[in-house]
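Trainee: I should like to examine this structure with you, beginning with one residue and moving outward. Please give the reasoning before each result.

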Amino acid sequence: MDPALSTDVPTGRAVAYIFDGLTRFTADAKVVPGLARSWEVTPDGLTYTFHLHSGVKFHDGSNFTAKNVVSTFQRVLDPKTKGGRGWPLFPIKGAEDFAGGKGSSINGLAAPNDTTVVITLKEPYSIFPKMLAMPVNSIVPDNAGSDFGQKPIGTGPWKFVEWKHDDYLKFAKNPNYFDGPPKSDSLMARIIPEMSTATAEFEAGNVDVLTVPDETGKSWQADPDKSKLLQSAPALRFWYVAINTTRGPLADVRVRQALNYAIDVNTILSAVMAGRGAVANGVVPPTLPGYDANRKPYGHDVAKAKQLLTAAGHPNGIDVDLWAATTDQSPRLSQAIQANLAEAGIRAKIVQRDASSVREAARKGAADLYVKEWWADYPDAENFLFPLLHSKNKGPGGNVSFYSNPKFDALVDQAHREQDEAKRNALYAQADSLQFADAPMAYLFFYKDMYAIQPWIHGFAVPAVFSGQRWTDVTISK
Amino acid sequence: MLAFIVRRLLLAIPTLFGVLVVTFLLLNVAPGDPVTEMVGERADSATIARLRKDLHLDEPRLKQFALYAGGVVRGDLGNSYITQRPIIRDILERFPKTLLLAGSAMLLASILGITLGVLSARAPGGWFDRLGLGVAYLGISFPVYWVGLILILIFAVMLRWLPPSGYGGIKYLILPAFALGSRSIAFLARVTRSAMLDVLGGDYVRTARAKGLKERAVIVRHALRNALIPIITVLGLDFGYYLTGSILTETIFSWPGLGRYVVNAITRRDLPAIQGSVLFLSVVFVMVNLLTDLAYAKADPRVAYS
């Protein structure tokens, strides 16, 4: 639970309980002030001045000051920390050099007094305040050593109490939390690897809130007693099939469009995912600004798929590899997709490996098609458009379609610099339409999270971003 | 005896070195990249290159192996790539829990399995023997994850007698120990039965009965003692497997043992954690085998080691 080392979802959740960033996410995917009371940005979009809360204390009683912000960001970027996630801070002037071992400080980072932090960016980056709410940028005290992750100390609503590895995490209310203490006294996160066991724990009444697996969700929705306990909300999670645009016939846009027409997303969504999602018409989810409701999904049209394949010079269809991990719904999704593709004459061979191997192959560009899911780190359309499709991010950066379109890049770059929110959202929509026509992926659906909540729990809201629920408003009546 | 133990321990060294080499080679041949797992879904190439260098993953294989083996010889299993904690601390924290689970499963299995086997052997072909055969077939045929889920369903969800999962007092131990031990109960019952049938036909059993010993004494002191060798073999082998391979049981019952640690390490490509655990478990396996051999000598004075 060391923020500087947090690159995965479970760690990110726990970090959000114990720590604060300068900004934070709400359950409904808004970005609100955190340790920073307010901030302003110069008209050129380069310099941000953050005004911090004063009198905030860490759980160990030490004072939080602007110096902690500077040292925290240095720690995240310091090569000695061996963290894997410096990129959210790379927009800061000098940050990337510092992370590369060049220079002993970060030029763009200054703390003129205890309650002010001034950050200078190397170029305008309008969504920068959102990135500061990511778990990795949570503020830590000065004495954070290498074992910090075992005994984390933050300023957040919950104090760390105990971590029994592979068993549970325990937190206690921070009565002095600057934003008002949590309404409950303690919080416990059980670590249960097997979903059927977790479901049993919920049914036995030992677990208060449960993320419901897809199959269970279907049967519980049909059960009048259980369905009362279910709560569901669109998550910033996107399922798609990355199409490697550099491999063989897939380099032809007509073939990629044919793939999209061949897949019956509606049926897959209801049969495999218990209807938990909304068919995608691009990469920007309906809950975020920049979404264009007028754009139609490709839709299921086998004749059109065949026609496009023939036009592309493949009247007898094509052969492709369809890579999928062994986890979650990937195996079932890939089988359904394989059957759909076969109807249109696309012979897909499923390559099923463990998640790490599939990811590695896709990053190297060795996979034709890759069924995958993307969890947003921050609630902004940019978090879908830029990592998944900008040519800068080919391979490890997240663009495993190896999509490269200078016009698309230019639009996203322009959005990065655009300070006006309405204009920026228009640019997002435009970029999304552009890539949608190029079809560097087969668009599946935006997932909906489903939670089961015991009747004695009140005030829980399903978060859109995984780190957006901090349990401060949750109460128990039992 | 002491010379025997020392010789066996010395012989374990090349075995363990072999384990070290094979694990290292397999992990290097297997697909998947540890750095990919460290950096998460979105990363930049400079960070990836820097981490590879830090972890010596850009060095030639032979040098990587030398670095690792050198550490092992000095008693250093390295640090986890993901949490950066020393591997040995992670292992020592989890192994006692695996030991507790495996030990309880074996205890349960020996009590139930041997009793079942002895009672079956007393009247071969009788109703109890047939019942025992049925139970044994079920125990051997049902996979442990199925048994585990059914136990949770019945005893935790429907009857609510026991908690479904987790780690704590004895009530948390009963279901996983039973699930893990179910195969051994069945297997031990069969082995005990046939070993008992072998010895019950022996002259010394007839003599014991002829001199008027109670049936109970005949069975326990004379027959069972002589039937112990195959039983010890099964116990030793199964115990070794339970200590090293209770992964499914630990996952289903959320038991925070070493099996789950290894699985997590594998999915996250945490190479030092995988190598360290495999090496540690090999040591455990060698030890259990040695103890089994010593138990033979204890059970049967004709077996002598020198």
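Trainee: Leaving aside its neighbours within four places in sequence, which residues is F466(A) in contact with?

Mentor: This is a predicted model, in which local features need pLDDT of at least 70, side-chain atom pairs count only at pLDDT 80 or more, and totals for chains, interfaces and linings use all residues. Residues are numbered from 1 along each chain as its sequence is written, while chains are lettered from A and ligands numbered from 1 in the order in which they are written. Two residues are in contact if their C-beta atoms, placed from the backbone, lie within 7 Å. With those sequence neighbours set aside, the contacts of F466(A) are V9(A), G12(A), R13(A) and W375(A).

Trainee: Does F466(A) count as buried or exposed?

Mentor: F466(A) is in the loop between strand 17 (457–458) and strand 18 (475–476) of chain A; helices (H or I, at least four residues) and strands (E, at least two) are DSSP runs, numbered from the N terminus. A residue is buried if 20 or more other C-beta atoms lie within 10 Å of its own, exposed if 12 or fewer, and partly exposed in between, with C-beta atoms placed from the backbone. F466(A) has 21 C-beta neighbours inside 10 Å, so it counts as buried.

Trainee: Which strands stand at the edges of the open sheet with the order 7-8-9 in chain A?

Mentor: This sheet has 3 strands with antiparallel pairing, where two strands pair if DSSP finds at least two bridges between them. An edge strand pairs on one side only. The edge strands are therefore strand 7 (158–164) and strand 9 (186–190) of chain A.

Trainee: What angle does the direction of helix 1 of chain A make with that of strand 7 of chain A?

Mentor: Strand 7 runs antiparallel to strand 8 (residues 168–173) of chain A, and 6 bridges join them. Helix 1 (residues 9–18) of chain A packs on the sheet, touching strand 7, strand 8 and strand 9 of chain A. Axes are lines fitted to C-alpha atoms, for helices over the stretch in contact, and angles run from 0 to 180 degrees between N-to-C directions. The angle between helix 1 and strand 7 of chain A is about 140 degrees.

Trainee: Which helix packs on the sheet with the order 3-4-6-5 in chain A?

Mentor: In this open sheet of 4 strands the pairing is antiparallel. Strand 3 (36–41) and strand 5 (109–113) of chain A each have a single partner strand, so one side of each lacks a neighbour in the sheet. The twist averages 20 degrees from one strand to the next. Touching strand 4, strand 5 and strand 6 (116–120) of chain A, the packed element is helix 2 (residues 66–77) of chain A.

Trainee: Why is helix 8 of chain A largely enclosed, and how many of its residues are buried?

Mentor: The elements covering its buried residues include strand 11 (230–243), helix 10 (302–311) and strand 16 (441–453) of chain A. Among the buried residues are R256(A), Q257(A) and Y261(A). Helix 8 (residues 253–262) is largely enclosed by the rest of the structure because its buried residues number 8 of the 10.

Trainee: Which element gives the largest share of the largest nonpolar core?

Mentor: A nonpolar core is a set of buried Ala, Val, Leu, Ile, Met, Phe, Trp, Tyr and Cys residues joined through C-beta atoms within 7 Å. The largest has 131 residues, of which Y240(A), V241(A), Y370(A) and L385(A) touch the most other members. With 8 residues, the largest share comes from strand 11 of chain A.

Trainee: Which element gives the most to the side of chain A that touches chain B?

Mentor: The contact takes 40 residues from chain A and 42 residues from chain B. On the side of chain A, the elements that give two or more residues are helix 5 and helix 12 (355–364). With 7 residues, the most comes from helix 12 of chain A.

Trainee: How is helix 5 of chain A oriented relative to helix 7 of chain B?

Mentor: Helix 5 (residues 195–203) of chain A and helix 7 (residues 144–158) of chain B pack at about 5 degrees, with their axes 10 Å apart. Angles under 35 degrees count as roughly parallel, over 145 as roughly antiparallel, 65 to 115 as roughly perpendicular and the rest as oblique. The orientation of helix 5 of chain A to helix 7 of chain B is therefore roughly parallel.

Trainee: What percentage of the residues in chain B is buried?

Mentor: Chain B has 14 helices and 0 strands. Its C-alpha trace spans about 85 × 55 × 30 Å along its principal axes. Of the 306 residues in chain B, the buried part is 40%.
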